[in-house]
Amino acid sequence: MNLILRFLLNGLAVLATAYLLPHVDVTDYQTALLTALLLSIANVIIKPVLILFTIPITLMTLGLFLLVINAVIILLVDHFVSGFSVDGFWWALAFSLIMSVFNSIIDDILKDKKKAN
């Protein structure tokens with residue numbers, strides 16, 4: 001149940017982030033859910049591989065290169081989802097930062113709900 005709720009809230013976060021950023025477009029909630037699903041899959045499968053290959057530059061930039069990896073993953077998902085579009089690297093970076101804030105809020109909400117039970 002918690003996984004389904006997290007998935008639905010992430011779709012809502014994708015919609016809210018697209019609403020906040022002028023150069024990010026999501027056509028509807030189904031597209032937002034597909035985007036959230038593909039972002040999750042890419043973060044589980046592709047992101048660790050990219051981190052592994054970029055360890056030296058990540059260490060030299062004190063971890064700031066991870067922001068670049070996040071933006072690249074968002075641009076990759078943009079390429080595969082037809083109703084989701086991001087107009088460049090900097091908008092993808094802004095999208096990843098705002099989604100991180102939303103995901104932190106979602107984690108806090110679901111953690112509080114878990115403690116109450």
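**Exercise 1. Which helices each supply at least two residues of the lining of the largest pocket?**

*Solution.* Helix H1 (2-20), helix H2 (29-53), helix H4 (65-80) and helix H5 (89-116) each do so. Keep in mind that you are looking at a predicted model. Next, turn to the lining itself: 15 residues take part, and Leu39, Asn43, Met99, Ser100 and Asn103 lie nearest the centre of the pocket. Sorted by class, the lining has seven nonpolar, seven polar and one charged residues. The volume of this pocket is about 310 Å³.

**Exercise 2. Check whether the length of H4 agrees with its number of residues.**

*Solution.* Start with the count, which is 16 residues in H4. The expected span is 1.5 Å times one less than the number of residues, so H4 should span 22 Å. Now compare this with the model: the end C-alpha atoms of H4 are 23 Å apart, which agrees. As an extra step, look at which residues of H4 are buried: they are Phe65, Ile69, Asn70, Ala71, Ile73, Ile74, Val77 and Asp78.

**Exercise 3. Find the salt bridge and say where its two partners sit.**

*Solution.* The count comes to one salt bridge. Its partners are the side chains of Arg6 and Asp107, with an N to O distance of 2.3 Å. This pair links distant parts of the chain, as Arg6 belongs to helix H1 and Asp107 to helix H5, 101 residues apart. To judge accessibility, recall that partly exposed lies between 20% and 50% relative accessible area. Arg6 has 27%, so Arg6 is partly exposed. Asp107 has 35%, so Asp107 also counts as partly exposed.

**Exercise 4. Is Thr17 buried or exposed, and which residues is Thr17 in contact with, leaving aside neighbours within four places in sequence?**

*Solution.* First, locate Thr17: this residue lies in helix H1. Its relative accessibility is 0%, and buried means under 20%, so Thr17 counts as buried. Then list the contacts, setting aside neighbours within four places in sequence: Phe95, Ile98, Met99 and Phe102. One of these, Met99, appeared in Exercise 1 among the residues nearest the centre of the largest pocket.

**Exercise 5. What is the sign of phi at Leu62, and where is Leu62 found?**

*Solution.* Begin with the general pattern: most residues other than glycine have a negative phi. Leu62 is not a glycine, yet Leu62 has a positive phi of about 55 degrees. Now place Leu62 in the chain: you will find Leu62 in the loop between helix H3 (55-60) and H4. Finally, the relative accessible area of Leu62 is 79%, so Leu62 is exposed.

Methods: Residues are numbered from 1 along each chain as its sequence is written. This is a predicted model: local features need pLDDT of at least 70, side-chain atom pairs count only at pLDDT 80 or more; totals for chains, interfaces and linings use all residues. Side-chain values use heavy atoms; hydrogens and water are left out. On a 1 Å grid over the protein atoms alone, a cavity is a set of points where a 1.4 Å probe fits but cannot get out, and a pocket is an open set with protein on both sides within 12 Å along at least five of seven lines; lining residues have an atom within 4 Å of a point. Grid points are joined across faces, edges and corners, and a volume is the space filled by probe spheres set on the points. Helices (H or I, at least four residues) and strands (E, at least two) are DSSP runs, numbered from the N terminus. Ala, Val, Leu, Ile, Met, Phe, Trp, Tyr, Cys and Pro count as nonpolar, Asp, Glu, Lys and Arg as charged, and the others, Gly among them, as polar. Buried means under 20% relative accessible area, exposed over 50%, partly exposed in between (1.4 Å probe, protein chains only). A salt bridge is a side-chain nitrogen of Lys or Arg within 4 Å of a carboxyl oxygen of Asp or Glu. Contact means heavy atoms within 4.5 Å.
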